[in-house]
2 protein chains.
Amino acid sequence: MFEIKHRDGMARIAEFTTPHGVVDTPNIMPVVNPNVKLITPRELQKKFKSEVLITNSYVIYQSQHLKDRALERGLHSLLDFTGAIMTDSGTFQAHVYGELDIEPTEILDFQVNIGSDISTILDMFTEPTDNSSVVKKKVDTTVARAVDAMDRYGDGPSHIALPIQGGIYPDLREECAERLSRLKGSFYPIGGVVPLLENYRFFDLVNVIIASKRGLGPTGPVHLFGAGHPMLYPLAVLLGCDLFDSSSYAKYARRGDMMYPDGTRNIDDIEHLACLCPTCSDLTVEELKDLDTDEKTRKIAEHNLWVSYNEIEKVKQAVREESLWELVERRARAHPYLLKSLKALTSNWKTMEIYQPKGRKKALFYTGKSTLERPMVKRLKVWIRDSYSPTVCGPTIIFNGREDKKPYNRYLTREIKALSPEYSVNLLMQTPLGPIPLEMDEVYPVAQSIFPEDLNDEASLQKYLDRCDITDVIYWDGLETLESLDKVTGISYELMKVYSVCEYQFCRGAGEVLTNGELELVKNRRGRIKNVFLNGKHILSMRHYDGLFSLKEEGAILLHKHLQAPLLRVQVTEDSASYNAEGKNVFNGFVNYAWEHIRPGDEVLIVDPNDSLVAIARAFNSPYEMENYHVGLAARTRTGFSSSQS
Amino acid sequence: MFEIKHRDGMARIAEFTTPHGVVDTPNIMPVVNPNVKLITPRELQKKFKSEVLITNSYVIYQSQHLKDRALERGLHSLLDFTGAIMTDSGTFQAHVYGELDIEPTEILDFQVNIGSDISTILDMFTEPTDNSSVVKKKVDTTVARAVDAMDRYGDGPSHIALPIQGGIYPDLREECAERLSRLKGSFYPIGGVVPLLENYRFFDLVNVIIASKRGLGPTGPVHLFGAGHPMLYPLAVLLGCDLFDSSSYAKYARRGDMMYPDGTRNIDDIEHLACLCPTCSDLTVEELKDLDTDEKTRKIAEHNLWVSYNEIEKVKQAVREESLWELVERRARAHPYLLKSLKALTSNWKTMEIYQPKGRKKALFYTGKSTLERPMVKRLKVWIRDSYSPTVCGPTIIFNGREDKKPYNRYLTREIKALSPEYSVNLLMQTPLGPIPLEMDEVYPVAQSIFPEDLNDEASLQKYLDRCDITDVIYWDGLETLESLDKVTGISYELMKVYSVCEYQFCRGAGEVLTNGELELVKNRRGRIKNVFLNGKHILSMRHYDGLFSLKEEGAILLHKHLQAPLLRVQVTEDSASYNAEGKNVFNGFVNYAWEHIRPGDEVLIVDPNDSLVAIARAFNSPYEMENYHVGLAARTRTGFSSSQS
């Protein structure tokens, strides 16, 4: 029902199947008021290519006329829309007007009966002002209603939307999400966030979303209920939200507010539309201002929809090029409270890190301090600070890693390069990413990054030196210090490189396994490592774009032999194993377990239930996703062992 | 010939008059190659509403056929374009291919003869790699040719473009600009910047532009020669550039590169066009990819033009709402080297400060550290650090100015507010803007700003305390510290407010003049000062949006009486004086002198040549602009004294 096609961390481009067609996510569900159709559903479908919309079943239920027509001809006929329709239950009306005079089962049954594609339970709206015991009770009621709803409609015909509540308490959000996820629902809105949106409480919003996602684990579409401003889409998608509903396009239009990706402007304050959308292209700003109110509202609503859909397209393009994080950081400058929300990403970096690949094709662009707090960067920094072992015990030479001299090793003076294989010294670069051992300097994003200037991180260096108990330090600034090195014998820089990159990329111990023997390196013309041979066998190739290794058959066999399960493994079912051994991809639903430290993009060992190695693959999903999703790609097989060994 | 209509600091929206119509600036001049018309000039005019384009006279001159036709029928007929046409001289060809076989006068004469609206002298392209003596020689040659050109064509019929050269040496750029400005030209390109653009050397670019602008002083349009990427427009307009030429739209298109405000993407890397332009709206990405090369190039060129023109519209809207600085800071996140270029703004803040108003209607949005370095912010910080005088000599109480408690004075405990008029203490707020005396807390942007969090600036506080020799400091965190205050008698908080704001807004001494006597304050319901009366006369009103004063007649009379010329004055000609006394605006061309510390938006005293006060006005221009421009608004008169006193 929900198949992930592309991903960038927690963000995903997916296909969500409904009784009325496949919905591509991320996507917007424009809110259609059955009484007031500012833009008709038919226009939405035709002009804006809307695949899904949302309407309020409670409003229909309250009107005898609409109710009768809906029950008679069905919801799709009532609205004149052939795509997917989600219905809301009246929860938001309860939030605005107080308790409703309707039974939870009654309104749910109604939604299913009129043929809604996604029917929403009547959950309890948790307010930011609710104290935790009030929230807890509302969560309990919501979960109880969800249990009841899934008992009755868990097998269809409608998707049942099970909203996550929990106010502004991350632990209650997580708990609610966790309890709802046990029901194996196919659609999860995050509810009760409108008051946060209205008050620009984006910091709290991020904490709420991340806690909800953490509780949910891998699930089908996550819908951020009530988020209708395009300004928020990049951030929300980055956090793994897939669907947005928007009544804002219309509400804003009624007060003359035009949406832009960087905020909102009232038509009265606009002198230059500065918009290329079909609606704005047809009009001058003066003409738009001079329209009568209804027509002006309609035009502005159209503009708001164009801009919203286009922002979704920008987000999708960013996911495809794995640059969503950059887009989020740029967009965050639209409002100081969005900027503040980036801090909530930092404090939740461990939750997000699980979904981040170790490398990507696009260089890291520095946009501000928060760039250095991205999970992808933080992982490398923390690994060096806490886990990297200097391979030699000689003194440590610290270089200043200049932005215009990357990768650093190519710019070291010939003398020091010539010396390093012979002398046992640790070579460390001072960089904006903290201290980087010289042999790690081509690993993403050390070389693949652009910083505005030298932003060396002294504090991280000191922590590293303290942990490794390094006191014999030389700050390198000329050839004269070379004299002090010639007492110590050392090991080769290239050996260190293979060793340390393997330790970082695969796991502790992999460096030893893959360097233990006679190492031979094939380099390209520029002196970069291309292929690694151990005892005459080709074990690794280096990827040029992220400085990490592709695992070759002999390398995989070594790792499999020397590192015990579950390390580096994805264990698949017997059926899948024979299929994967032929070089075919690994799919979700056939994975028994996946090692918890696997990250998307990692090289993994595909094993059968007896831990026999059947294939080498590149992970597409995180381990939890592989274990829990039912459809879609889990890992892309590069080499199947039956075919290669036969 | 060049009339500024709206401004935001150095950025301006203006009308530039050419023999072929008025060109609205900022604007783009698409480059048209007379041999290869990817998009015809007629299409540019019809579809893209191009008001001006640029072509290369040297290319026309080199082709006997084109040359003959141009001489015979004129340039506009040759290109089939009825708007303004600028011609380049071949300087760029010399930069690419080496010395040309043509005399400077020959190619200039040719341009004028074929009816170019803006003819460019054959200047000497200064390379970033040229050393300063080479650059100096090239500058001398360029200036000599400019002198010659202006001798012959200074009175028309064509505008003569006098390019500023000087390589990457700000002093030589400034010198070149200053020498050229003496020729009273009507069109100034900044030349020799393409190599900087190609290598993303935006930091150097900013220094070059600012030095050139400083040397030029107030002039007609400034054209950034060769800047064709929309990513640069906000920054360049912020620095006072008015025109851009773009061959990039076509060049990029030929290699499949699509421009976006945040960078460039090759069509092969694009999965989602994410663009609303008329060209992209008509096509899917697959359809675009499948077009044959010529048609694809054409479509991409159109897209590039739409995006470029739209970015200009965004810039214009930002100028209108005085938010261009925010747009620049947001766009700077598109590339780390753009971000770095903001540092060049900081180091040149004094040049830019001259054009910045003290307040504006839009709140200050924090986008990163550079926000605190904007000239508008820096001016206030520096004034408090260096010029503010505590009005009482008691101890200083320092509060923590919380972001959610602004304006701070409304949130002080009732007790301290009640005490402050009676006790002689200095009340200081710790804020992200540095220390702010409590009575200044409603002055822009102290209250009118949004920060992501408390970012208190300890260093500035210490500098302030040191300068004022303040040692008796109490960090306020509760009522108990009140005990220590009751020995000192004090003056009223409101008196301090009027005094200090006047000192900051008008000049040193104004506070004394406008508070010396019996002060009476009229407040609004929320307790904010509305009107200030001194000895029964209405002297000042407070503007709600920036916390600064409007000067009333009696206030102006007092300032005029007690503060000697040139303080606060704009002296106009006899003719203008009688006109302004009737309440009519002050225009450039009629200003004898303007006090050098006047900033756009300031309240100014309009005086006649005998220093008689004739009107109160609000400056539109900086003093240098008032003195040097020939047309356009200099200051908006609010009160003329002849009418009011008759």
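This report describes the chain symmetry, the salt bridges and one nonpolar surface patch of a predicted model.

Chain B is superposed on chain A by a rotation of 180° with 0.0 Å of shift along the axis, at an RMSD of 0.0 Å. That is the relation of a two-fold axis. Within chain B, the C-alpha nearest the axis belongs to B:Leu276, 2.7 Å from it. Of the interface residues of chain B, 100% are also interface residues in chain A, so the copies meet through the same surface.

Side chains of opposite charge can pair when their charged atoms come close. Over all chains, the whole structure holds 86 salt bridges, including the following.

| Acidic residue | Basic residue | Closest N and O atoms |
|---|---|---|
| A:Asp80 | A:Arg42 | 2.9 Å |
| B:Asp262 | A:Arg330 | 2.5 Å |
| A:Glu582 | A:Lys584 | 3.4 Å |

A:Asp80 lies in the loop between α4 (75-79) and β6 (84-88) of chain A, and A:Arg42 in helix α1 (residues 41-47) of chain A, so their salt bridge ties together parts 38 residues apart in sequence. A:Asp80 is partly exposed at 36% relative accessibility, whereas A:Arg42 is exposed at 52%.

The pair B:Asp262 and A:Arg330 joins two chains, because B:Asp262 lies in the loop between β12 (257-260) and β13 (263-266) of chain B and A:Arg330 in helix α16 (residues 324-331) of chain A. B:Asp262 is partly exposed at 22%, while A:Arg330 counts as buried at 13%.

A network of salt bridges links A:Glu43, A:Lys47, A:Arg298 and A:Glu302.

A:Tyr579, A:Phe587 and A:Phe590 make a nonpolar surface patch of about 270 Å². A:Phe587 is placed in strand β25 (residues 586-587) of chain A.

Notes
Residues are numbered from 1 along each chain as its sequence is written. Chains are lettered from A and ligands numbered from 1 in the order in which they are written. This is a predicted model: local features need pLDDT of at least 70, side-chain atom pairs count only at pLDDT 80 or more; totals for chains, interfaces and linings use all residues. Side-chain values use heavy atoms; hydrogens and water are left out. Copies are superposed by least squares on the C-alpha atoms of residues with pLDDT of at least 70 in both. Contact means heavy atoms within 4.5 Å. Patches are made of residues with over 30% relative accessible area and no salt bridge: like charges are joined within 9 Å, nonpolar side chains (Val, Leu, Ile, Met, Phe, Trp, Tyr) within 5 Å. Accessible areas come from the Shrake-Rupley method with a 1.4 Å probe; for residues, only the protein chains shown count as cover. A salt bridge is a side-chain nitrogen of Lys or Arg within 4 Å of a carboxyl oxygen of Asp or Glu. Helices (H or I, at least four residues) and strands (E, at least two) are DSSP runs, numbered from the N terminus. Buried means under 20% relative accessible area, exposed over 50%, partly exposed in between (1.4 Å probe, protein chains only).
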